[in-house]
Amino acid sequence: MSLSHSGLRGERSLDHHPCFSEEAVHHYARMHLAVAPACNIQCHYCHRKYDCANESRPGVVSGLVTPEEALVRVSMAKARLPNLTVIGIAGPGDALANPARTFETCRRILAEFPDLMLCLSTNGLALPEHVDTIATLGIHHVTVTINAIDPEVGRHIYPWIYWKNRRIRSSEAAKILIDRQQEGIARLVTKKIWVKINSVLIPGVNDDHLPKVHTAIAGHGVFTHNIMPLISVPEHGTYYGLMGQREPTAHELTRVRSRCGLVKMMTHCRQCRSDAIGLLNDEILENDAGMSSCRSEQVNSSGGRVIPLIPVTGHVPPGISRPDRMVPRRIAIASHDGVHVNAHFGQASILTIFECFPDGGIRQSAQWPVPRYCFGDADCGTEQAPLETIVTMLSGCEAILCERIGYGPWQRLEAAGIQPINTYAGWRILQAIADHIGKHGTSTPMGGLNHGILEPRLAVASGR
Amino acid sequence: MAMTITQRCLGCYACEQVCPNQAIEILAGIFTIIAELCQECIDDFSVPQCSAICPAEEAILDRHGYAVNPLGSLTGVPAEIRSRWMV
Ligand code: SF4
Ligand code: SF4
Ligand code: SF4
């Protein structure tokens, strides 16, 4: 470990950080907040629509929260997890490509909970100009993802960056990024902020190069280096995934790690997503951040605790006022991931209620865990009691949007004045609602559905 | 005279942050460009800022309706392979 880190902030802070300390993994919890949607570069292992396993961040479609919502989440999580010590900001884009959102979140959290440790993850492009703010705010740890120090290697990893109002490509882009990363971490270390470096091991691209990266960052006095294996599958839509770039073997990973040892190597990293919450080893996840159902089942069946759902207030789009007296239309959604209309009515474990205001504002108003009434085809719809409970829960809703629904429940809901609709199966929730609401007016071209023709969307006249 | 956003948009807010004219409107999670406000960045920058930062191919069209960043131009994934995986 570098001497430059032995001062001011003391050893305590790292002993309590589950990502930095192997001991802390067992005792202290951390929570990641997805408040930063935009990014200023492109990495070949990332498709921002989807959850990025390499950079520990969810996709932009899942669970973006505003700084206000972030604080609510922290308060609620803190109440349930007394050992919550660390709050990280790691996506869905780059923390420092969204400085206003990121720092506003930090300020709010620190004002309310000065004892929490904050950490940021960044690709480093915007790092140098933010080091002073990071230091002033008292952010303890910064994780910088560095995959190369040579632009000729970097250009095979980063196709472009957005820099000084232009898109820059190839080695020129990689060189700027690398210079900014190195400058940024040097300045962080000078300010006595703990620095962790993440590197993604990409076989054939930077495997031989990572020991050089290690030597360079060790020279700056970073605290720990975490070499992670590339995760590359076509379903993630990434360049590497689609182009068949293979993942490293466990042996390759060990071999590269063994060639690095100038600073502490981190080996307990779980590559957790940035909306994760809990202990690294005994993952506790919240459900409203777009977590997939299979993951929640894994958690349940492995005996991990699941935090009760935290209702999140949706965005009220800028420029839209929401007078209190306006009566919203209420629409229920059956979704497994909180993003798409993709749950069978009888199998949904959560129903989410959205309120749609006459001025176009849509707000998520409630999320209810529901008892299941369907346990397979054989007894589908026969468990009457839970269905009646659901009907009661949904009173006041004009419709329920779900992937599929059985005949019996359909009739029962319709009789209760709640229209079941299964034509939005697979749609993104907000788009499905917007379409449903606007059905009799002008309809908006919907994202991700029509890949034939590109349709420009017409902006709703906003009067601004 | 304005850029437009298509259904390829990922909703990442990058354009909203860099637009000098606050022309990006977000309603219920759907991103659009307000034609009256968009100046195509002509007075401010050498290139339209939204399309210079947008990570999604075919998400932004110029005034003639052509994608500023066509398939393959940002990721390097050839169009045939990309379209095979589009959902
Ligand atoms: S820096 Fe992070 S969010 Fe941006 S492209 Fe790379 S992996 Fe994706
Ligand atoms: S072209 Fe410029 S002014 Fe028009 S929407 Fe894009 S960033 Fe804004
Ligand atoms: S930058 Fe592109 S993908 Fe991101 S919100 Fe704007 S149009 Fe959509």
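The following exercises, with worked solutions, concern a predicted model.

**Exercise 1. The sheet of chain A**

Determine the strand order of the open three-stranded sheet in chain A, identify its edge strands, and state which helix packs on the sheet.

Solution.
- Step 1. The strands follow the order 2-6-7, and their pairing is antiparallel.
- Step 2. Strand 2 (41-42) and strand 7 (166-169) of chain A each pair on one side only, and these are the edge strands.
- Step 3. Strand 6 (residues 160-163) of chain A is joined to strand 7 of chain A by four bridges, the two running antiparallel.
- Step 4. Across this pairing, Tyr162(A) is found opposite Arg167(A) of strand 7 of chain A.
- Step 5. The sheet is packed against by helix 6 (residues 170-190) of chain A, which touches strand 2, strand 6 and strand 7 of chain A. The direction of helix 6 of chain A makes about 100° with that of strand 7 of chain A.

**Exercise 2. A helix pair in chain A**

Describe how helix 6 and helix 7 of chain A meet, and classify the residues in their contact.

Solution.
- Step 1. The axes of helix 6 of chain A and helix 7 (residues 210-220) of chain A cross at roughly 35° and come within 9 Å.
- Step 2. Helix 6 of chain A contributes Gln182(A), Ile185(A), Ala186(A) and Val189(A), while helix 7 of chain A contributes Ala216(A), Ile217(A) and His220(A).
- Step 3. Sorted by class, the contact between helix 6 and helix 7 of chain A contains five nonpolar and two polar residues, and no charged ones.

**Exercise 3. Positive phi values**

For Asn165(A) and Glu58(B), give the phi value, locate the residue and decide whether it is buried, partly exposed or exposed.

Solution.
- Step 1. Asn165(A), which is not glycine, has a positive phi near 65°. Asn165(A) belongs to the loop between strand 6 and strand 7 of chain A.
- Step 2. Because its relative accessible area is 28%, Asn165(A) is partly exposed.
- Step 3. Glu58(B) likewise has a positive phi near 65° without being glycine. Its loop lies between helix 2 (49-53) and strand 4 (60-61) of chain B.
- Step 4. The relative accessibility of Glu58(B) is 14%, so Glu58(B) counts as buried; the cut-off for buried is under 20%.

**Exercise 4. The surroundings of ligand 2**

State which residues come nearest to ligand 2 and give the class composition of the shell around ligand 2.

Solution.
- Step 1. Around ligand 2 there are 14 residues, of which Met3(B), Cys19(B), Cys38(B), Cys41(B) and Cys50(B) come nearest.
- Step 2. The shell around ligand 2 comprises ten nonpolar, three polar and one charged residues.

Note on methods
Residues numbered from 1 in each chain as written. Chains lettered and ligands numbered in written order. Predicted model: local features only at pLDDT ≥ 70, side-chain atom pairs only at ≥ 80, totals over all residues. Heavy atoms only, no water. Pairing = 2+ DSSP bridges. Contact = heavy atoms within 4.5 Å. Axes fitted to C-alpha atoms, helices over the stretch in contact; angles between N-to-C directions. Near = heavy atom within 4 Å. Nonpolar A, V, L, I, M, F, W, Y, C, P; charged D, E, K, R; others polar. Buried < 20%, exposed > 50% of the residue type's maximum accessible area, 1.4 Å probe, protein only.
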